[in-house]
Amino acid sequence: MLALCGAAASEAAAQAQATTGVIRGVVRDPFGAPVAGAAVVIEHRATGFATTVMTGSNGAFVRTLLPLGVYDVTARAPGQFGDERTEGLVLRVGEVLDLVLEFRPVAVSEITVTADRTPLVDTEDPSSSHRLAEEVVDNLPNNGRNFLDYTLLTPGVSVSQGPDGEVLNIGGQRGIFNNVSVDGADFNNPFFGEQRGGQRPAFTFNQDAIEEIVVVSQGASAEFGRSAGGFVNVITKSGTNEFAGSAHYFGQWDAISTAYPSERGGGKPEFGRGQFGFTLGGPIVRDRAFFFVAYDQQEASETKQFTRNVVNRSELEKLENFLRTQWPGRFDDEFGPIHRTDDNRALVAKLDFNLSDRHQASVKYNYTWSQQVNGTFDVDSWGLSANGLEEDFSHAINASLRSQLSNTVSNEFRVQYAREDRPRGYAGPLIPGSAPPPQPAFGTVGGRPFPDIAMDFADGFRIGMPFFLPIDPAYDTRIQLVDNLSFLAGDHLFKVGAEYNGTGVGQQFIGFANGLYKFSSVDGFTNFVTQGNRYVTCSDGSDSAEGVCPPGTAITGPVLLYLQAVTLGDTPAEQLGLQDFSMHELGLFIQDTWRPRDNLTLNLGVRWEGSWHPGMFIEPGDTFYGPWIGTAGFPSDGTIPDDLDNFQPRFGLAWDPRDDGRTLVRVNAGSYFSRIPMLVFAQHRTTNGAFQGTQFAASDATFLPPPPQIGEFLTPPPPGTPPFQPGVNIADRNLELPRTWSFNVAVEHALSANTAVELSLQHARTDNLFRFVDRNAAELGAPFAEGAGGLGTVTVTESSARSRYNAVTLGLRGDGALDGRLSFDANYTLSFDRSDDDNERDPFNFFYATATDFEPEYNWSIRDRRHQMTGFMLFDLGRGVVLNHVFRYLSASPMSASCGPTEANPLAAPAGQRVGAPADRVCADGSVLKRNTLRRENDFFTWDLRLSKAFDIGDGRTVEPILEVFNLTGADNFLDTAQTGLLFNFDGTIRSGLGDTRRAQLGVRVRF
C-alpha cells in the first residue's frame, strides 16, 4: 500500500522554494527494504506535464522545481511488484512533500490511493509563515483589491504611519525592510525602499491573478535575503489545458455610504469608484504551451470634506481673506474641499512552456499605471494648493528556466528587468512673481517667490506648491539574475545559489528650488508680505518694522525658517538635483533540508550578501567639507562605504514529537540584513556644499550674510561665491547595513480533524539601524561651524540606532468544519516594540530631542501596536450563498509629551500636551522627557463582510452578484500624522483626520 507522510499543505508553508514545490520520498518493498531503480512518475493534472525520476541505491527520489497544483504519483518497479499510484496530492509554493511508497506483491497491475485532504498541521515546516491560498484571496472582502491588504490578516503584521502613508510592519521591523517578490522576482522600489509603486497605485495587478500569497515573518531559509522585516511571496496563476477565465466589476458610490458623525464635523464624503477587469488562460499547444492574462482598471474620484481642524478658526478666516484680497482669483478655492482622482491600470501577461519532461520555461510581463490628481497629501489642515499630481507607471519582464539535470540534480535560472517611473507635477496656483523651478535664486517681495508657504499657527496650516515639486525625470531600474542548484544526497536535500541585483536611479529632485517659508503666525505673514522682510516679531510679543527688538528680547519671527536650494560653483541651474547612480548587490547561499527521522526536519543554511554602494561624482576633497576630512571628530571620509561582511546563519527545526501528524514543535533562528534605500545615498552625493546646497534664513538672521536692504529678501550670491555655512549630508565612515537576529518557538496542535491551535513566541533584536544625526549641532559645540567658512547642519547617516521586539501569538484555525461549510483563521498578538529611532528614510528631519543623549529616545516605538487581533471566516450558508468576514483590530500607537514652552523654544506646545516635535521634549532645566510615554487616539477597528451567491448559467459558467460592506460598525479610525515630520515631508499620500466611513460596494463576477 501507499503511506503518505506530510503529503499535503497546511496553512503554514516552509519556504524552501521561492516559486515552486518539491516532491521527495523513498520507495520500499513489503519488508521495508529500499527499492533501487524504481521509476517514480509525477504528473501535473492541469497541464499534462509528466516527469520521471529513478530511485537511488537507498530507495530515495526527489523532483524539485515543480509548478504548483494537483499531482498524481505512480511508482513502478521491475519484478513481482505492481504499480503504486496516489492521486490528488496538492503541492503549494515552497512546500516539500515527503512520501513513503511501499510496494506489496499483488496480482493486480496497479493500486490507487486517493490522498487525504490537506491536514491543518504541517509537520515539515520550520518557518514562521502564513499562507493565503487562492480560495481565501478570491472570496474575502477587500476594499480596493490590493493584494498587500491580505498580508494584514497574518500574525505579527501591523501598520504605522510612515513617510509615504501607511506602511507594513512585519515582526516589529521598519516598513522599508520588507521584501516583496512576485513569481520569484523582486517587487521593490530601490529608491524609496518600499514595494513597487508604494502607496500610490490602488493595486499593481489583478487580484484574481493570484495563486497564493505566503507571508514569512521569521525563519526564512537561506535562499531569502535582503530583508529583516519579512518576506511577502506572491505566485501568479498560469494557463492550463482548459480555457478558463473571469470578469468582474465592483462599484462604490457615496449614496450607499454613511456620513461622518456630527461630533466629528458631519457631512458625507462625495466619491465614486469603479473597478473592472478580466482574466483568461488556456492552452496554446495542449500539454506543451499555455498563456494567462489578467487586466484590472480603476476610475475613482473623491471630494474630501475637510474639517479644517485648526485650533484658532478666526486666524484661518483672516488668512483666507488676506489671500483673496492680495492675490484675487488665485486662492478662491484654497479653503474648500479638495477634489482628488485615483485612476489605475494593471496588466499581467504570462507564457508557460513544457519544453520536455525535464525542462520548463516561463515568461511574464507586468505593467502598471496610476494617476492621482491632488493626490500628494490628504491632510485636513492644509490648503488645496499644497498638493500635486501623483503618477506612477512601471514595466517588468521576468523569465525562468527550470531543468531536471539528473535523477538527483536540478537547476533554476531566473532573470528580471524592471523600470518604474514616478513623475510628479504641479498645476496649482502660484503667488505672483514666482516662477516654475528650477529657480535657484532668491527674489524680492513684490516679486518674491512664495511657491510654498508653511505656517505653524495652531495646527500648522500650509498653502502653496509642495517644496519638492515638480519631479521629472524620476525613475529606477532593476536587473536581477538568480541561479539555484538543488541536489539530493542521502537524507539531505541541498540547495546552493547566487543572486545579483543591479539597481539604478535617474532623477531630478529639486527640493527647495523655489524656497520654503515657515511663519510663526498669520499676522506675521501678512505684515511680512505688506511691509517687507525687515518686519520681525519679538519674544515679548511686540513687532518691529525695522528689524530691531527691545533690549533683553529676541527675534522669534515671523520667518521661523526659510530654505532655498542653490547651485554652487560651475553647476548650471538646470542641473539642480539631477543625478544618475547605481548600486550592486550579490548574494550567495547554501541550505540543507535534512530529515534524519520521519518525524524530524531540519533546515540548516548560511547566506552571504555584499552591497556595493554608489560612488561620489565629486571627489571628497573638492566638497565644501573636504578640509575637515581626516580631522579629529569628523565622522566621514567623504564616501559611502560598501558593506561586504554580511554572513547570515539560518536554523529551523520541525518536530512531530508523537509521530502522529497532530502536533508540531517549531523552532527557528537566524540573522538577516536589510537594505538602506537609495534615497538616503542620493543626499550624500548632491548635498555637499560644492554641487548644490541649501541656504537657511530666519528673521533672527541665523546663518545669514549681512542683512539685505529694506524691501529685499536675499539676492543670489555672485558667481563663484562660496556658500555661507552650507548644510551637508555625509555617510559615517563606519556605516553598516541594519542587522536583525530573530528567534521563534511555536507549538501547533490539531484539536480535531478540522481545527488546530497554535501558540508562538517571537523575539527580534535589530542593531546598526541607520539614523540621521546633526553632528554639528549647537549642543555638541558646533565643532565644524568656524565662521563664514564653516559648515551649517552636518547630517550624518550613522548605524547607531536599535530596536527590540517581543511578542506572543495565539491562533486558532479551522478548515471544513460544519460539514465542510466553515473555514476560519483568527489570531491575537501581544507585542512589545521598543526602539530609539523610528525614522524610515527621512533625511530632512531629526527624530531625537538632543544629539548629546539618545537614551531618552529608547522607549516604545511608533510601531508598538500592543494588542492586535485579526481574522477571517468563509461561511457557506447553503444553496450557494456565502457570507464571508474579515476583522482587524490594532490598539493605539505611542507618542510623546511636551515640557511646554521654553526660552529657546517659545512656540512649543503646552506642557503635557501630546506632540510630535522632538524639541518640545527639552525642558527649561535642560532635562529631556522620555520619548513616546503617551498613547494616541488612533486605535483601529474594521469589520468587513461579503455576501454573494453564484448562479450556474450552463456550460461551466457562473454569475455571482456580490455585496460588500466595509467598516460595518462605522469606527472613526482616526489617522494621526504627529510624528511623521510633515514640514519637510516630500513623499506624498500622507493622510490625517478620520478614516473612511462605513461604505458598501456592489459587484458582479462571471467565471467560465
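**Exercise 1. Find out whether Leu877 is buried, partly exposed or exposed, and what surface feature it belongs to.**

Step 1. Leu877 has a relative accessible area of 40%, so it is partly exposed. Here, buried means under 20% relative accessible area, exposed means over 50%, and partly exposed lies in between (1.4 Å probe, protein chains only). Accessible areas come from the Shrake-Rupley method with a 1.4 Å probe, and for residues only the protein chains shown count as cover.

A word on the model before going on. This is a predicted model, where local features need pLDDT of at least 70 and side-chain atom pairs count only at pLDDT 80 or more, while totals for chains, interfaces and linings use all residues. Residues are numbered from 1 along each chain as its sequence is written, and side-chain values use heavy atoms, leaving out hydrogens and water.

Step 2. Look up the element: Leu877 sits in strand E47 (residues 867-878). Helices (H or I, at least four residues) and strands (E, at least two) are DSSP runs, numbered from the N terminus.

Step 3. Leu877 helps to make a nonpolar surface patch of about 690 Å², together with Tyr249, Trp253, Ile256, Phe276, Leu947, Leu963, Leu1002 and Val1004. Two or more residues of this patch come from strand E17 (244-253), and likewise from strand E56 (999-1007). Patches take residues with over 30% relative accessible area and no salt bridge, joining like charges within 9 Å and nonpolar side chains (Val, Leu, Ile, Met, Phe, Trp, Tyr) within 5 Å. A salt bridge is a side-chain nitrogen of Lys or Arg within 4 Å of a carboxyl oxygen of Asp or Glu.

**Exercise 2. Describe the surroundings of Arg478 in strand E29.**

Step 1. Strand E29 covers residues 474-489, and Arg478 counts as buried because its relative accessibility is 2%.

Step 2. Now turn to Asp186, which is 292 residues away along the chain, with a C-alpha separation of 8.8 Å from Arg478. The side chains of Arg478 and Asp186 are joined by a polar contact of 3.5 Å. A polar contact is a pair of N or O atoms within 3.5 Å; within protein, one must be able to donate a hydrogen and the other to accept it, and residues adjacent in sequence count only if both atoms are side-chain atoms.

Step 3. Setting aside residues up to four places away in sequence, Arg478 also touches others, including Tyr417, Asn501 and Arg675. Contact means heavy atoms within 4.5 Å.

**Exercise 3. Do the same for Glu758 in strand E43.**

Step 1. Strand E43 spans residues 755-774. Glu758 has a relative accessible area of 18%, so it is buried.

Step 2. Its side chain makes a polar contact of 2.5 Å with the side chain of Arg666. Beyond neighbours within four places in sequence, the contacts of Glu758 include Val747, Thr809 and Arg813.

**Exercise 4. In what order do the five strands of the open sheet lie?**

Step 1. The order is E10-E15-E16-E13-E14, with mixed pairing. Two strands pair if DSSP finds at least two bridges between them.

Step 2. At the edges are E10 (128-133) and E14 (185-186), each pairing on one side only.

Step 3. Six bridges link E10 to E15 (residues 210-218) in the antiparallel sense, and Ala133 stands opposite Glu212 in E15.

**Exercise 5. Why is helix H4 largely enclosed by the rest of the structure?**

Step 1. Helix H4 covers residues 678-686, and nine of its nine residues are buried, so the rest of the structure largely encloses this helix.

Step 2. Among the buried residues are Met678, Phe681 and Arg685.
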